[in-house]
Amino acid sequence: MAENIKAVELSKNQREISISEFFTRNRHLLGFDNPTRALMMVVKEAVDNALDATMEMKVLPEIYVELKQLAEDRFIVIVEDNGPGIVKQQIPNIFAKLLYGSKFHTLKQNRGQQGIGISAAVLYSQLTTGKFTKIISKIHPKKPAHYFELHIDTKRNEPIIERDHEVEWNKDHGTRIELELEARYQKGKQSVDEYIKQTAIVNPHTNIIYITPEKEKIEFPRVTNDLPIEPKEIKPHPHGIEIGTLIRMLKDTTSTTLSSFLQNDFSRIGSKVASDICQDAKLNVKSKPASLTNEEIEILFKVIQNAKIIAPPTDCLSPIGPELLEKGLKKEIEADFYATTTRPPSVYRGMPFQIEVAIAYGGSLEKESQVRLMRFANRVPLLYQQGACAITEAITDINWRVYGLQQSGSNLPSGPAVILVHMASVWVPFTSEAKEAVAHYDEILKEIKLALQDCGRKLASYIRKNVKAKEQKERISLFEKYIPELANALSNISGENKSSIEENLKKILNKNMSKLNESIEGNENDKTKN
Ligand SMILES: Nc1ncnc2c1ncn2[C@@H]1O[C@H](COP(=O)(O)OP(=O)(O)O)[C@@H](O)[C@H]1O
Ligand SMILES: [Mg+2]
(Lines give C-alpha, C1' and ligand atoms only; values in the text may rest on other atoms or scores of the structure.)
(Ligands and ions follow the chains in the order given, each with its own letter.)
Protein backbone atom coordinates (compact mmCIF):
# COMPACT_ATOMS: atom_id res chain seq x y z
CA MET A 1 0.00 0.00 0.00
CA ALA A 2 1.72 3.17 -1.18
CA GLU A 3 -0.52 5.51 0.74
CA ASN A 4 -2.85 5.13 3.67
CA ILE A 5 -6.16 6.01 2.04
CA LYS A 6 -7.83 6.99 5.30
CA ALA A 7 -5.04 9.46 6.08
CA VAL A 8 -5.44 11.07 2.67
CA GLU A 9 -9.17 11.22 3.14
CA LEU A 10 -8.83 12.82 6.57
CA SER A 11 -6.31 15.34 5.31
CA LYS A 12 -9.00 16.89 3.13
CA ASN A 13 -10.88 17.98 6.23
CA GLN A 14 -7.90 19.08 8.27
CA ARG A 15 -7.64 22.86 8.48
CA GLU A 16 -7.08 25.67 10.88
CA ILE A 17 -9.88 26.71 13.21
CA SER A 18 -10.10 30.42 13.84
CA ILE A 19 -10.38 31.59 17.41
CA SER A 20 -13.71 33.26 16.59
CA GLU A 21 -15.11 30.03 15.17
CA PHE A 22 -13.93 28.21 18.26
CA PHE A 23 -15.67 30.60 20.63
CA THR A 24 -18.78 30.69 18.48
CA ARG A 25 -19.28 27.06 19.46
CA ASN A 26 -17.82 27.39 22.94
CA ARG A 27 -19.31 30.64 24.13
CA HIS A 28 -19.90 29.09 27.58
CA LEU A 29 -16.12 29.13 28.05
CA LEU A 30 -16.33 32.92 27.93
CA GLY A 31 -19.25 33.10 30.35
CA PHE A 32 -22.01 33.53 27.75
CA ASP A 33 -23.84 30.34 28.59
CA ASN A 34 -27.30 31.76 29.28
CA PRO A 35 -29.13 35.01 28.45
CA THR A 36 -29.07 36.34 32.05
CA ARG A 37 -25.40 35.83 32.43
CA ALA A 38 -24.73 37.16 28.93
CA LEU A 39 -26.24 40.52 29.87
CA MET A 40 -24.03 40.75 32.93
CA MET A 41 -20.94 39.70 30.95
CA VAL A 42 -21.44 42.35 28.27
CA VAL A 43 -21.85 45.10 30.85
CA LYS A 44 -18.90 43.75 32.79
CA GLU A 45 -16.50 43.61 29.84
CA ALA A 46 -17.38 47.15 28.80
CA VAL A 47 -17.24 48.62 32.32
CA ASP A 48 -13.97 46.82 33.13
CA ASN A 49 -12.41 48.34 30.01
CA ALA A 50 -13.80 51.77 30.88
CA LEU A 51 -12.21 51.57 34.33
CA ASP A 52 -8.89 50.29 32.98
CA ALA A 53 -8.85 53.04 30.35
CA THR A 54 -9.56 55.88 32.78
CA MET A 55 -6.90 54.46 35.08
CA GLU A 56 -4.37 54.56 32.21
CA MET A 57 -5.24 58.19 31.62
CA LYS A 58 -5.26 59.06 35.33
CA VAL A 59 -8.69 60.70 35.22
CA LEU A 60 -11.48 60.22 37.74
CA PRO A 61 -13.83 57.80 35.97
CA GLU A 62 -17.27 59.00 34.82
CA ILE A 63 -19.10 55.93 33.64
CA TYR A 64 -22.52 55.74 32.08
CA VAL A 65 -24.35 52.43 31.73
CA GLU A 66 -27.76 52.06 30.14
CA LEU A 67 -29.88 48.97 29.53
CA LYS A 68 -32.72 49.40 27.04
CA GLN A 69 -35.25 46.61 26.85
CA LEU A 70 -36.62 45.98 23.34
CA ALA A 71 -38.46 42.73 24.05
CA GLU A 72 -38.65 40.13 26.82
CA ASP A 73 -35.35 38.65 25.65
CA ARG A 74 -33.74 41.50 23.74
CA PHE A 75 -31.67 44.39 25.06
CA ILE A 76 -29.43 47.22 24.01
CA VAL A 77 -26.43 47.83 26.25
CA ILE A 78 -24.72 51.22 26.19
CA VAL A 79 -21.52 51.94 28.10
CA GLU A 80 -19.71 55.24 27.90
CA ASP A 81 -16.45 56.40 29.54
CA ASN A 82 -14.23 59.47 29.76
CA GLY A 83 -11.03 57.51 29.10
CA PRO A 84 -8.31 58.32 26.55
CA GLY A 85 -10.35 57.02 23.61
CA ILE A 86 -8.99 54.72 20.91
CA VAL A 87 -7.14 55.80 17.79
CA LYS A 88 -9.19 55.38 14.64
CA GLN A 89 -7.11 52.61 13.03
CA GLN A 90 -7.33 50.43 16.15
CA ILE A 91 -11.08 50.64 16.74
CA PRO A 92 -12.00 47.75 14.40
CA ASN A 93 -9.30 45.45 15.78
CA ILE A 94 -10.14 46.12 19.39
CA PHE A 95 -13.84 45.46 19.06
CA ALA A 96 -14.00 43.00 16.20
CA LYS A 97 -10.98 40.71 16.55
CA LEU A 98 -10.63 38.19 19.34
CA LEU A 99 -7.39 38.04 21.29
CA TYR A 100 -6.38 41.59 20.45
CA GLY A 101 -5.42 43.88 23.29
CA SER A 102 -2.78 45.85 25.12
CA LYS A 103 -2.75 43.99 28.42
CA PHE A 104 -1.82 40.39 27.64
CA HIS A 105 1.88 40.98 27.06
CA THR A 106 2.39 43.00 30.22
CA LEU A 107 2.38 41.98 33.85
CA LYS A 108 0.34 44.74 35.37
CA GLN A 109 -2.60 44.87 37.75
CA ASN A 110 -5.38 45.41 35.21
CA ARG A 111 -8.98 44.30 35.06
CA GLY A 112 -8.59 42.82 31.61
CA GLN A 113 -5.73 40.58 30.67
CA GLN A 114 -6.56 38.24 27.82
CA GLY A 115 -7.62 40.66 25.10
CA ILE A 116 -10.75 38.64 24.63
CA GLY A 117 -13.26 40.62 26.68
CA ILE A 118 -15.03 43.19 24.58
CA SER A 119 -14.64 41.39 21.26
CA ALA A 120 -16.35 38.37 22.85
CA ALA A 121 -19.28 40.63 23.72
CA VAL A 122 -19.38 41.84 20.11
CA LEU A 123 -19.28 38.24 18.88
CA TYR A 124 -22.18 37.30 21.16
CA SER A 125 -24.23 40.28 19.99
CA GLN A 126 -23.61 39.37 16.36
CA LEU A 127 -24.47 35.70 16.90
CA THR A 128 -27.72 36.32 18.72
CA THR A 129 -29.08 39.35 16.82
CA GLY A 130 -27.05 39.77 13.63
CA LYS A 131 -26.79 43.47 14.51
CA PHE A 132 -23.66 45.59 14.16
CA THR A 133 -21.90 46.94 17.23
CA LYS A 134 -21.77 50.75 17.25
CA ILE A 135 -18.71 52.52 18.58
CA ILE A 136 -17.91 56.18 19.09
CA SER A 137 -14.45 57.14 20.26
CA LYS A 138 -12.58 60.41 20.58
CA ILE A 139 -8.99 60.94 21.65
CA HIS A 140 -8.70 64.74 21.89
CA PRO A 141 -11.03 67.76 22.30
CA LYS A 142 -9.69 69.17 19.03
CA LYS A 143 -9.92 65.95 17.06
CA PRO A 144 -13.13 64.54 15.56
CA ALA A 145 -14.98 61.64 17.11
CA HIS A 146 -15.13 58.48 14.98
CA TYR A 147 -18.22 56.39 14.55
CA PHE A 148 -17.97 52.72 13.53
CA GLU A 149 -20.40 49.90 12.91
CA LEU A 150 -18.64 46.55 13.18
CA HIS A 151 -19.00 42.82 12.73
CA ILE A 152 -16.46 40.03 13.14
CA ASP A 153 -15.56 37.84 10.17
CA THR A 154 -15.53 34.67 12.27
CA LYS A 155 -13.81 32.54 9.61
CA ARG A 156 -10.76 34.77 9.60
CA ASN A 157 -11.10 36.46 13.00
CA GLU A 158 -10.89 39.85 11.27
CA PRO A 159 -13.09 42.94 11.57
CA ILE A 160 -15.76 43.78 9.02
CA ILE A 161 -16.39 47.53 8.84
CA GLU A 162 -19.99 48.22 7.87
CA ARG A 163 -19.89 51.97 8.42
CA ASP A 164 -17.19 54.44 9.43
CA HIS A 165 -17.48 58.23 9.55
CA GLU A 166 -16.84 61.24 11.76
CA VAL A 167 -19.53 62.39 14.18
CA GLU A 168 -20.22 65.28 16.50
CA TRP A 169 -19.70 64.13 20.07
CA ASN A 170 -20.10 66.49 22.93
CA LYS A 171 -17.18 65.11 24.94
CA ASP A 172 -13.45 65.87 25.20
CA HIS A 173 -12.34 62.26 25.00
CA GLY A 174 -13.69 58.82 25.70
CA THR A 175 -15.39 55.81 24.22
CA ARG A 176 -19.01 54.71 23.81
CA ILE A 177 -20.12 51.24 22.84
CA GLU A 178 -23.62 50.15 21.96
CA LEU A 179 -24.56 46.51 21.38
CA GLU A 180 -27.81 44.69 20.88
CA LEU A 181 -28.14 41.18 22.26
CA GLU A 182 -30.38 38.34 23.26
CA ALA A 183 -30.52 38.53 27.02
CA ARG A 184 -32.61 38.40 30.13
CA TYR A 185 -32.73 40.91 32.92
CA GLN A 186 -33.19 39.84 36.51
CA LYS A 187 -32.62 41.33 39.92
CA GLY A 188 -30.68 39.63 42.69
CA LYS A 189 -27.30 38.18 43.47
CA GLN A 190 -26.04 37.66 39.91
CA SER A 191 -27.63 40.68 38.26
CA VAL A 192 -26.26 43.69 36.41
CA ASP A 193 -27.58 45.80 39.31
CA GLU A 194 -25.48 43.83 41.78
CA TYR A 195 -22.41 43.93 39.50
CA ILE A 196 -22.60 47.73 39.32
CA LYS A 197 -23.22 48.13 43.04
CA GLN A 198 -20.24 45.95 43.90
CA THR A 199 -18.10 47.76 41.33
CA ALA A 200 -18.95 51.02 43.09
CA ILE A 201 -17.91 49.54 46.46
CA VAL A 202 -14.38 48.59 45.37
CA ASN A 203 -13.88 51.59 43.08
CA PRO A 204 -14.73 54.40 45.50
CA HIS A 205 -13.09 56.96 43.15
CA THR A 206 -15.66 56.27 40.42
CA ASN A 207 -18.91 58.01 39.44
CA ILE A 208 -21.38 55.64 37.85
CA ILE A 209 -24.74 56.53 36.38
CA TYR A 210 -26.88 53.51 35.66
CA ILE A 211 -30.19 53.53 33.76
CA THR A 212 -32.07 50.31 34.45
CA PRO A 213 -34.42 48.63 31.92
CA GLU A 214 -37.28 50.16 33.97
CA LYS A 215 -35.71 53.56 33.08
CA GLU A 216 -34.80 54.20 36.69
CA LYS A 217 -31.68 56.34 37.04
CA ILE A 218 -29.37 55.10 39.83
CA GLU A 219 -26.35 57.18 40.74
CA PHE A 220 -23.29 55.84 42.49
CA PRO A 221 -21.30 58.90 43.49
CA ARG A 222 -17.58 58.69 44.27
CA VAL A 223 -16.51 59.04 47.89
CA THR A 224 -12.93 60.05 47.20
CA ASN A 225 -11.20 62.23 44.63
CA ASP A 226 -7.95 60.36 45.07
CA LEU A 227 -7.06 58.11 42.19
CA PRO A 228 -5.78 54.67 43.18
CA ILE A 229 -2.00 54.34 43.16
CA GLU A 230 -1.14 53.57 39.58
CA PRO A 231 -0.08 49.93 39.33
CA LYS A 232 3.39 49.47 37.85
CA GLU A 233 4.22 47.01 35.15
CA ILE A 234 6.77 44.35 36.11
CA LYS A 235 8.86 41.75 34.32
CA PRO A 236 8.17 38.08 35.02
CA HIS A 237 9.94 36.62 38.00
CA PRO A 238 12.29 33.76 37.01
CA HIS A 239 10.67 31.36 39.50
CA GLY A 240 7.26 31.88 37.97
CA ILE A 241 7.90 30.77 34.39
CA GLU A 242 7.52 27.44 32.68
CA ILE A 243 10.00 25.96 30.23
CA GLY A 244 7.76 26.68 27.25
CA THR A 245 7.69 30.34 28.19
CA LEU A 246 11.46 30.39 28.56
CA ILE A 247 11.87 28.92 25.06
CA ARG A 248 9.58 31.57 23.59
CA MET A 249 11.26 34.38 25.50
CA LEU A 250 14.70 33.27 24.29
CA LYS A 251 13.42 33.35 20.73
CA ASP A 252 11.63 36.71 20.96
CA THR A 253 14.11 38.70 23.00
CA THR A 254 15.85 41.79 21.66
CA SER A 255 18.78 41.18 24.03
CA THR A 256 21.90 40.05 22.21
CA THR A 257 23.59 38.04 24.97
CA LEU A 258 22.35 35.46 27.43
CA SER A 259 23.48 37.61 30.35
CA SER A 260 21.62 40.71 29.16
CA PHE A 261 18.57 38.56 28.37
CA LEU A 262 18.46 37.29 31.94
CA GLN A 263 18.88 40.79 33.33
CA ASN A 264 16.51 42.65 31.00
CA ASP A 265 13.69 40.20 30.49
CA PHE A 266 13.23 39.10 34.11
CA SER A 267 12.77 40.90 37.36
CA ARG A 268 15.31 40.51 40.15
CA ILE A 269 18.27 39.24 38.12
CA GLY A 270 21.37 41.44 38.29
CA SER A 271 24.70 40.89 36.57
CA LYS A 272 26.09 38.75 39.41
CA VAL A 273 23.11 36.39 39.51
CA ALA A 274 23.08 36.28 35.70
CA SER A 275 26.71 35.20 35.48
CA ASP A 276 26.24 32.68 38.33
CA ILE A 277 23.32 31.14 36.43
CA CYS A 278 25.31 30.95 33.20
CA GLN A 279 28.25 29.39 35.03
CA ASP A 280 26.09 26.76 36.75
CA ALA A 281 24.41 25.94 33.44
CA LYS A 282 27.85 25.76 31.78
CA LEU A 283 26.80 28.38 29.24
CA ASN A 284 28.70 31.37 27.98
CA VAL A 285 27.31 34.72 29.24
CA LYS A 286 27.84 36.03 25.71
CA SER A 287 25.94 33.32 23.84
CA LYS A 288 23.13 34.46 21.60
CA PRO A 289 19.79 33.72 23.32
CA ALA A 290 18.24 32.34 20.13
CA SER A 291 21.15 29.98 19.53
CA LEU A 292 20.63 27.78 22.62
CA THR A 293 19.87 24.14 21.93
CA ASN A 294 16.95 22.38 23.56
CA GLU A 295 19.28 20.51 25.94
CA GLU A 296 20.93 23.78 26.95
CA ILE A 297 17.57 25.43 27.57
CA GLU A 298 16.48 22.51 29.75
CA ILE A 299 19.60 22.84 31.89
CA LEU A 300 19.25 26.62 32.03
CA PHE A 301 15.66 26.24 33.18
CA LYS A 302 16.63 23.86 36.01
CA VAL A 303 19.45 26.13 37.14
CA ILE A 304 17.13 29.17 37.17
CA GLN A 305 14.57 27.31 39.27
CA ASN A 306 17.22 26.39 41.85
CA ALA A 307 18.98 29.76 41.88
CA LYS A 308 18.60 31.98 44.92
CA ILE A 309 16.66 34.97 43.60
CA ILE A 310 14.88 37.48 45.78
CA ALA A 311 11.09 37.65 45.63
CA PRO A 312 9.53 39.92 42.97
CA PRO A 313 8.92 43.59 43.77
CA THR A 314 5.50 44.20 45.22
CA ASP A 315 5.15 47.94 44.63
CA CYS A 316 3.47 46.93 41.38
CA LEU A 317 0.24 46.30 43.30
CA SER A 318 -2.51 48.78 43.94
CA PRO A 319 -4.74 47.58 46.77
CA ILE A 320 -7.83 49.56 47.77
CA GLY A 321 -6.54 50.09 51.31
CA PRO A 322 -8.42 49.69 54.59
CA GLU A 323 -9.86 53.24 54.82
CA LEU A 324 -11.27 53.40 51.29
CA LEU A 325 -12.49 49.83 51.45
CA GLU A 326 -14.50 50.74 54.55
CA LYS A 327 -15.76 53.96 52.93
CA GLY A 328 -16.80 52.10 49.80
CA LEU A 329 -18.61 49.44 51.78
CA LYS A 330 -20.28 52.01 54.05
CA LYS A 331 -21.73 53.96 51.16
CA GLU A 332 -23.53 50.92 49.73
CA ILE A 333 -24.21 48.80 52.81
CA GLU A 334 -25.61 50.17 56.05
CA ALA A 335 -24.33 48.10 58.96
CA ASP A 336 -23.56 48.50 62.70
CA PHE A 337 -19.98 47.35 62.46
CA TYR A 338 -17.21 47.32 59.84
CA ALA A 339 -13.76 45.74 59.95
CA THR A 340 -11.11 45.73 57.23
CA THR A 341 -7.72 44.13 56.71
CA THR A 342 -5.15 44.65 53.96
CA ARG A 343 -2.48 41.96 54.05
CA PRO A 344 1.11 42.67 53.03
CA PRO A 345 1.90 41.58 49.45
CA SER A 346 2.82 37.96 48.83
CA VAL A 347 3.83 35.79 45.86
CA TYR A 348 2.45 32.73 44.06
CA ARG A 349 4.41 31.16 41.18
CA GLY A 350 6.50 34.29 40.85
CA MET A 351 3.41 36.55 40.66
CA PRO A 352 2.96 39.23 43.33
CA PHE A 353 -0.50 39.47 44.83
CA GLN A 354 -2.23 41.02 47.80
CA ILE A 355 -5.37 40.12 49.72
CA GLU A 356 -7.87 42.45 51.36
CA VAL A 357 -10.88 41.53 53.46
CA ALA A 358 -13.76 43.54 54.86
CA ILE A 359 -16.64 42.45 57.08
CA ALA A 360 -19.84 44.39 57.69
CA TYR A 361 -22.21 43.22 60.42
CA GLY A 362 -25.70 44.06 61.71
CA GLY A 363 -27.79 47.11 60.81
CA SER A 364 -29.63 46.71 57.51
CA LEU A 365 -28.15 43.21 57.23
CA GLU A 366 -30.28 41.97 60.18
CA LYS A 367 -32.99 41.16 57.63
CA GLU A 368 -30.73 38.52 56.08
CA SER A 369 -29.85 35.25 57.72
CA GLN A 370 -27.33 34.17 55.09
CA VAL A 371 -23.88 35.72 55.06
CA ARG A 372 -23.42 37.58 51.79
CA LEU A 373 -20.09 36.83 50.16
CA MET A 374 -18.56 39.40 47.80
CA ARG A 375 -15.55 38.25 45.78
CA PHE A 376 -13.34 40.59 43.77
CA ALA A 377 -10.26 40.27 41.56
CA ASN A 378 -8.46 43.48 40.63
CA ARG A 379 -11.53 45.46 41.70
CA VAL A 380 -13.88 43.43 39.50
CA PRO A 381 -16.86 41.69 41.17
CA LEU A 382 -16.99 37.92 40.62
CA LEU A 383 -20.66 36.96 40.60
CA TYR A 384 -20.57 33.44 39.17
CA GLN A 385 -18.81 30.16 39.98
CA GLN A 386 -18.69 30.86 43.70
CA GLY A 387 -18.30 27.16 44.46
CA ALA A 388 -15.22 26.81 42.24
CA CYS A 389 -13.36 29.77 43.72
CA ALA A 390 -10.38 29.67 46.10
CA ILE A 391 -11.96 32.56 48.03
CA THR A 392 -14.99 30.40 48.87
CA GLU A 393 -12.77 27.52 49.89
CA ALA A 394 -10.76 29.77 52.22
CA ILE A 395 -13.97 31.00 53.86
CA THR A 396 -15.45 27.55 54.37
CA ASP A 397 -12.13 26.27 55.75
CA ILE A 398 -12.44 28.67 58.66
CA ASN A 399 -14.37 27.89 61.84
CA TRP A 400 -16.61 30.97 61.99
CA ARG A 401 -18.27 29.90 65.25
CA VAL A 402 -15.07 31.10 66.94
CA TYR A 403 -15.78 34.55 65.52
CA GLY A 404 -19.43 34.73 66.55
CA LEU A 405 -21.15 33.60 63.33
CA GLN A 406 -23.13 30.44 62.93
CA GLN A 407 -21.93 27.70 60.64
CA SER A 408 -23.04 24.18 59.98
CA GLY A 409 -20.21 21.83 59.09
CA SER A 410 -17.89 23.42 56.57
CA ASN A 411 -20.56 25.46 54.80
CA LEU A 412 -20.54 29.21 54.38
CA PRO A 413 -21.26 30.84 57.75
CA SER A 414 -24.66 32.38 58.47
CA GLY A 415 -25.58 35.60 60.22
CA PRO A 416 -26.30 39.24 59.38
CA ALA A 417 -22.96 39.89 57.69
CA VAL A 418 -21.19 40.69 54.44
CA ILE A 419 -17.76 39.17 53.90
CA LEU A 420 -15.80 40.90 51.15
CA VAL A 421 -12.55 39.48 49.76
CA HIS A 422 -10.38 41.27 47.19
CA MET A 423 -7.39 39.79 45.42
CA ALA A 424 -5.11 42.25 43.63
CA SER A 425 -2.43 40.77 41.38
CA VAL A 426 -0.42 41.40 38.24
CA TRP A 427 -1.90 38.13 37.00
CA VAL A 428 -5.01 36.66 38.61
CA PRO A 429 -5.07 32.89 38.07
CA PHE A 430 -8.66 32.43 36.91
CA THR A 431 -9.97 28.90 36.51
CA SER A 432 -11.38 29.76 33.05
CA GLU A 433 -11.74 32.45 30.40
CA ALA A 434 -15.01 33.52 32.00
CA LYS A 435 -12.82 35.01 34.76
CA GLU A 436 -15.22 34.27 37.60
CA ALA A 437 -13.27 31.99 39.96
CA VAL A 438 -9.74 32.20 41.37
CA ALA A 439 -7.60 29.04 41.12
CA HIS A 440 -6.60 27.19 44.27
CA TYR A 441 -2.95 28.06 44.88
CA ASP A 442 -1.80 27.25 48.43
CA GLU A 443 -0.12 30.63 48.84
CA ILE A 444 -3.33 32.43 47.84
CA LEU A 445 -5.53 30.33 50.13
CA LYS A 446 -3.19 30.93 53.03
CA GLU A 447 -3.21 34.71 52.59
CA ILE A 448 -7.00 34.85 52.27
CA LYS A 449 -7.38 32.84 55.47
CA LEU A 450 -4.98 35.07 57.38
CA ALA A 451 -6.90 38.16 56.30
CA LEU A 452 -10.25 36.57 57.14
CA GLN A 453 -9.02 35.51 60.57
CA ASP A 454 -7.78 39.01 61.29
CA CYS A 455 -11.15 40.55 60.42
CA GLY A 456 -12.86 37.66 62.20
CA ARG A 457 -11.10 38.51 65.47
CA LYS A 458 -12.32 42.12 65.26
CA LEU A 459 -15.83 40.89 64.55
CA ALA A 460 -15.71 38.44 67.45
CA SER A 461 -14.72 41.12 69.90
CA TYR A 462 -17.55 43.36 68.69
CA ILE A 463 -20.12 40.57 68.90
CA ARG A 464 -18.91 39.50 72.35
CA LYS A 465 -19.22 42.96 73.81
CA ASN A 466 -22.15 44.34 71.95
CA VAL A 467 -24.48 41.73 70.62
CA LYS A 468 -24.27 39.51 73.70
CA ALA A 469 -24.89 42.52 75.95
CA LYS A 470 -27.93 43.52 73.89
CA GLU A 471 -29.35 40.01 74.16
CA GLN A 472 -28.85 40.04 77.91
CA LYS A 473 -30.58 43.39 78.12
CA GLU A 474 -33.56 41.94 76.31
CA ARG A 475 -33.62 39.07 78.79
CA ILE A 476 -33.54 41.51 81.73
CA SER A 477 -36.43 43.56 80.40
CA LEU A 478 -38.39 40.36 79.93
CA PHE A 479 -37.69 39.47 83.57
CA GLU A 480 -38.87 42.93 84.64
CA LYS A 481 -42.38 42.05 83.52
CA TYR A 482 -42.55 39.20 86.00
CA ILE A 483 -41.39 41.21 89.02
CA PRO A 484 -44.88 41.90 90.46
CA GLU A 485 -45.84 38.24 90.18
CA LEU A 486 -42.55 37.08 91.63
CA ALA A 487 -42.76 39.60 94.51
CA ASN A 488 -46.23 38.38 95.26
CA ALA A 489 -45.13 34.75 95.43
CA LEU A 490 -42.07 35.58 97.54
CA SER A 491 -44.15 37.67 99.93
CA ASN A 492 -46.60 34.77 100.34
CA ILE A 493 -43.78 32.39 101.21
CA SER A 494 -41.71 34.67 103.41
CA GLY A 495 -44.39 36.92 104.84
CA GLU A 496 -42.31 39.99 103.94
CA ASN A 497 -43.88 43.17 102.59
CA LYS A 498 -44.64 42.72 98.86
CA SER A 499 -43.76 46.25 97.76
CA SER A 500 -40.38 46.26 99.46
CA ILE A 501 -39.51 42.93 97.75
CA GLU A 502 -40.58 44.47 94.45
CA GLU A 503 -38.45 47.52 95.17
CA ASN A 504 -35.36 45.42 95.89
CA LEU A 505 -35.75 43.22 92.80
CA LYS A 506 -35.99 46.34 90.63
CA LYS A 507 -32.82 47.73 92.20
CA ILE A 508 -30.89 44.58 91.33
CA LEU A 509 -32.17 44.67 87.76
CA ASN A 510 -31.34 48.35 87.29
CA LYS A 511 -27.83 47.79 88.54
CA ASN A 512 -27.25 45.03 85.97
CA MET A 513 -28.91 47.06 83.26
CA SER A 514 -26.70 50.11 83.76
CA LYS A 515 -23.60 47.88 83.71
CA LEU A 516 -24.69 46.47 80.34
CA ASN A 517 -25.49 49.92 79.00
CA GLU A 518 -22.03 51.11 79.95
CA SER A 519 -20.45 48.23 78.12
CA ILE A 520 -22.55 48.83 74.99
CA GLU A 521 -21.83 52.57 75.00
CA GLY A 522 -18.13 51.97 75.54
CA ASN A 523 -18.17 49.67 72.58
CA GLU A 524 -20.00 52.12 70.40
CA ASN A 525 -17.37 54.75 71.17
CA ASP A 526 -14.71 52.27 70.11
CA LYS A 527 -16.59 51.82 66.88
CA THR A 528 -16.62 55.51 65.99
CA LYS A 529 -12.93 55.69 66.80
CA ASN A 530 -12.10 52.91 64.31
N1 LIG B 1 -13.13 51.90 26.60
C2 LIG B 1 -11.89 51.76 26.15
N3 LIG B 1 -11.06 52.81 26.11
C4 LIG B 1 -9.77 52.68 25.67
N5 LIG B 1 -9.22 51.49 25.28
C6 LIG B 1 -9.99 50.41 25.29
C7 LIG B 1 -11.36 50.48 25.72
N8 LIG B 1 -11.88 49.23 25.62
C9 LIG B 1 -10.89 48.44 25.17
N10 LIG B 1 -9.74 49.13 24.97
C11 LIG B 1 -8.46 48.57 24.47
O12 LIG B 1 -8.80 47.38 23.82
C13 LIG B 1 -8.05 46.27 24.31
C14 LIG B 1 -8.87 45.02 24.23
O15 LIG B 1 -9.93 45.00 25.16
P16 LIG B 1 -10.52 43.62 25.63
O17 LIG B 1 -10.96 42.85 24.45
O18 LIG B 1 -11.57 43.88 26.66
O19 LIG B 1 -9.30 42.84 26.27
P20 LIG B 1 -8.44 43.15 27.60
O21 LIG B 1 -9.22 44.15 28.41
O22 LIG B 1 -8.39 41.81 28.27
O23 LIG B 1 -7.12 43.63 27.14
C24 LIG B 1 -7.63 46.69 25.70
O25 LIG B 1 -6.45 46.04 26.08
C26 LIG B 1 -7.46 48.19 25.56
O27 LIG B 1 -6.16 48.48 25.09
MG1 LIG C 1 -11.25 43.96 28.85
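Where does Asn157 lie? I began with this residue in the predicted model and placed Asn157 in the loop between β4 (145–153) and β5 (158–167).

**Entry 1: Asn157**

I looked up the backbone and found phi of Asn157 near 55°, a positive value in a residue other than glycine. I then asked whether Asn157 is buried or exposed. It has 20 other C-beta atoms within 10 Å, and the cut-off for a buried residue is 20 or more, so Asn157 counts as buried. Leaving out residues up to four places away in sequence, I listed its contacts as Ser18, Ile19, Ser20, Lys97 and Leu98. I also took the C-alpha to C-alpha distance from Asn157 to Glu219, which is 38 Å for 62 residues of sequence separation.

**Entry 2: the whole chain**

I recorded 15 helices and 14 strands in the protein. The C-alpha trace spans about 120 × 65 × 60 Å along its principal axes. Of the 530 residues, 39% are buried. Among contacts with a separation of 6 or more, 71% are between residues 24 or more positions apart.

**Entry 3: the sheet**

I traced an open sheet of eight strands with mixed pairing, in the order β5-β4-β3-β6-β2-β1-β7-β8. Why is one side of β5 and of β8 (217–220) left without a neighbour in the sheet? Both stand at the edges and each has a single partner strand, so one side of each stays unpaired in the sheet. From one strand to the next the twist averages 15°.

I checked individual pairings next. Strands β3 (residues 133–138) and β6 (residues 174–182) run antiparallel and are joined by five bridges. In this pair I found Lys134 opposite Glu178 in β6. Strands β1 and β7 run parallel, also through five bridges, and Val65 stands opposite Tyr210 in β7. Strands β7 and β8 are antiparallel with four bridges, and Ile211 has Lys217 in β8 as its bridge partner. The hairpin of β7 and β8 has five residues between the strands, and there Lys215 takes a positive phi near 65°.

I then compared the two faces of β7. In a regular strand the side chains alternate between the two faces of the sheet. Ile208 and Tyr210 make up the covered face of β7, while Asn207, Ile209 and Ile211 form the uncovered one.

**Entry 4: helix α3 and the ligand**

Helix α3 (residues 35–57) packs on the sheet, where I noted contacts with β1 (62–71), β2 (74–81) and β6. The direction of α3 makes about 10° with that of β2. I tested its length: at 1.5 Å a residue the 23 residues should span 33 Å, and the end C-alpha atoms are 33 Å apart, which agrees. The helix is mostly covered, with 19 of its 23 residues buried. Just after α3, I found Lys58 with a positive phi of about 60°.

Which element supplies the largest share of the shell around ligand 1? That element is α3, with four residues. Both α3 and α5 (117–129) supply at least two residues of this shell. I counted 21 residues around ligand 1, of which Asn49, Ala53, Gly101, Gly112 and Gly117 come nearest. By class the shell has seven nonpolar, 11 polar and three charged residues.

**Entry 5: helix α6**

I found helix α6 (residues 192–202) lying across β1, β7 (207–211) and β8, at about 170° to β7. Two packed helices are described by the angle between their axes and the distance between the axes. For α6 and helix α11 (residues 322–332), the axes come within 7 Å and cross at roughly 145°. The meeting residues are Lys197, Ala200, Ile201 and Val202 in α6 with Gly328, Leu329 and Glu332 in α11. I classed the residues of this contact as four nonpolar, one polar and two charged.

**Entry 6: Lys282**

I closed with another positive phi in a residue other than glycine, near 55° at Lys282. Lys282 lies in the loop between α9 (271–280) and α10 (294–306). Is Lys282 buried or exposed? With 10 C-beta neighbours inside 10 Å, Lys282 counts as exposed, because the cut-off for that class is 12 or fewer.

Methods
Residues numbered from 1 in each chain as written. Chains lettered and ligands numbered in written order. Predicted model: local features only at pLDDT ≥ 70, side-chain atom pairs only at ≥ 80, totals over all residues. Contact = placed C-beta atoms within 7 Å. Pairing = 2+ DSSP bridges. Axes fitted to C-alpha atoms, helices over the stretch in contact; angles between N-to-C directions. Nonpolar A, V, L, I, M, F, W, Y, C, P; charged D, E, K, R; others polar. Expected span 1.5 Å × (residues − 1). Near = placed C-beta within 6 Å.
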